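Morning, everyone. Let me put the model up, and then I'll walk you through the fold, the core and the charged pairs.

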Amino acid sequence: MSVMPSTPLPLAADGPGVRRIGEADLSWALSEGWKDFRDKRGDILVLALLYPLVGALAMVAAFNDRVLPLFFPLVAGISILGPAVASGFYEIARRREAGLESSWIHFLDPLRGRSRLPLALLTAGLAALFVGWMVAAALIYAVTIGRGGPEGALDFIRQVVTTPQGWAMVVIGNLVGLGFAAATLTFTVVSFPMVVDKPVDAMTAVATSIHAVRENPRVLASWGVRVALLLALGCLPAFIGLAVVLPVLGYATWHLYTRLVAR
């Protein structure tokens, strides 16, 4: 059942407004995302992009003990770049919503049209967050377990599971990762779908995204938890579930945007 959006709150005299939403809007967005997935899919595309990447990371980690401690941060950090990759899903959902042709030939349309420059700038911002996360992960490992690399995967797992330093790394890493996840959500929840939808610049899109989070902190925190849980479930087994989870979340984020921003 559709949930009627609330009255928009103005961002600025000449800027778009945002709405206060509720938990029902989150459920509605996920439901609409699932409908889009059933109609347009996207799992084959995700498998074609994700599996070679994860496989390459696994091979590098397997043959380089110094890279092994960063394997999980690398895989987790892929989600930071997710909104940029999902731009094609936003376009498909936008066209489907508008009753336009929405075949897969339109997946790359955002990279060819007016959205190209703002998308490039927003993606650069995500890349900076990703690099920041990797630097933080390396520092956390260095100050907890130590600067020397483990002697293989089994030794690394032993250090993580059986030593106080390993547990400290897990706790600190998760807390820092939560901060990066919150920053990513604040930066992207509106900005990427907005530049696909409207002729706006990257700064306006980011400002609107921040405003949306400021007006809906509890609800969007709940959205972040839902996304994290779905991503965790999608990783089991062997990341296969992500072939469904990532397209559904891409489509659902578009629908959440339509409830958050006055269009």
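One term before I start: when I say contact, I mean heavy atoms within 4.5 Å. And please keep in mind that this is a predicted model.

With that in hand, take Val189. Set aside its neighbours within four places in sequence, and Val189 is in contact with Thr184, Ser209, Val213, Leu220, Thr253, Leu256 and Leu260.

Val189 also belongs to the largest nonpolar core, which has 53 residues. Which members touch the most others there? They are Val189, Val190, Leu220, Trp223, Leu256 and Leu260. Helix α12, residues 242-260, gives this core its largest share, 10 residues. Apart from that core lies another one, of 7 residues. Leu68, Phe156, Val160 and Met169 are among its members. As background, nonpolar side chains in soluble globular proteins tend to be buried together.

Now step back to the whole chain. We have 12 helices and 2 strands. What is their order along the sequence? The pattern reads β-β-α-α-α-α-α-α-α-α-α-α-α-α. So the two strands come before the helices, by the definition that numbers elements from the N terminus.

Some totals. The protein has 263 residues, and 46% of them count as buried. Take contacts between residues at least 6 apart in sequence: 72% of these join residues at least 24 apart. The exposed area is about 13200 Å², and carbon and sulfur atoms supply 71% of it.

Next, the charged pairs. The structure holds 11 salt bridges. I'll pick out a few.

Start with Asp25 and Arg259. Their side chains meet in a salt bridge, at 3.2 Å from N to O. Where do the partners sit? Asp25 is in helix α1, residues 23-40, and Arg259 is in helix α12, so the bridge ties together parts that are 234 residues apart in sequence. Are these two buried or exposed? Asp25 is buried, and Arg259 is buried as well. Recall that α12 is also the helix with the largest share of the main core.

Stay in helix α1 for a local pair. Glu32 forms a salt bridge with Lys35, with the closest N and O atoms 3.1 Å apart. Both lie in α1, 3 residues apart, about one turn of the helix. Their exposure is worth a look. Glu32 has a relative accessible area of 17%, so it counts as buried. Lys35 is at 35%, so it counts as partly exposed.

Helix α7, residues 153-162, has a pair of its own, Arg158 and Asp155. Here the closest N and O atoms are 3.0 Å apart. Because they are 3 residues apart in that helix, about one helical turn separates them. Asp155 is buried, at 17% relative accessibility. Arg158 is partly exposed, with a relative accessible area of 42%.

There is a network, too. Salt bridges link Glu23, Arg218 and Arg226.

Last stop, a loop. Trp104 sits between α4, residues 87-97, and α5, residues 109-112. How exposed is Trp104? Its relative accessible area is 35%, so Trp104 is partly exposed. Ile92 is 12 residues away along the chain, and the C-alpha atoms of Trp104 and Ile92 are separated by 7.6 Å.

That's my tour. Over to you.

Key. Residues are numbered from 1 along each chain as its sequence is written. This is a predicted model: local features need pLDDT of at least 70, side-chain atom pairs count only at pLDDT 80 or more; totals for chains, interfaces and linings use all residues. Side-chain values use heavy atoms; hydrogens and water are left out. A nonpolar core is a set of buried Ala, Val, Leu, Ile, Met, Phe, Trp, Tyr and Cys residues joined through side-chain atoms within 4.5 Å. Buried means under 20% relative accessible area, exposed over 50%, partly exposed in between (1.4 Å probe, protein chains only). Helices (H or I, at least four residues) and strands (E, at least two) are DSSP runs, numbered from the N terminus. Accessible areas come from the Shrake-Rupley method with a 1.4 Å probe; for residues, only the protein chains shown count as cover. A salt bridge is a side-chain nitrogen of Lys or Arg within 4 Å of a carboxyl oxygen of Asp or Glu.
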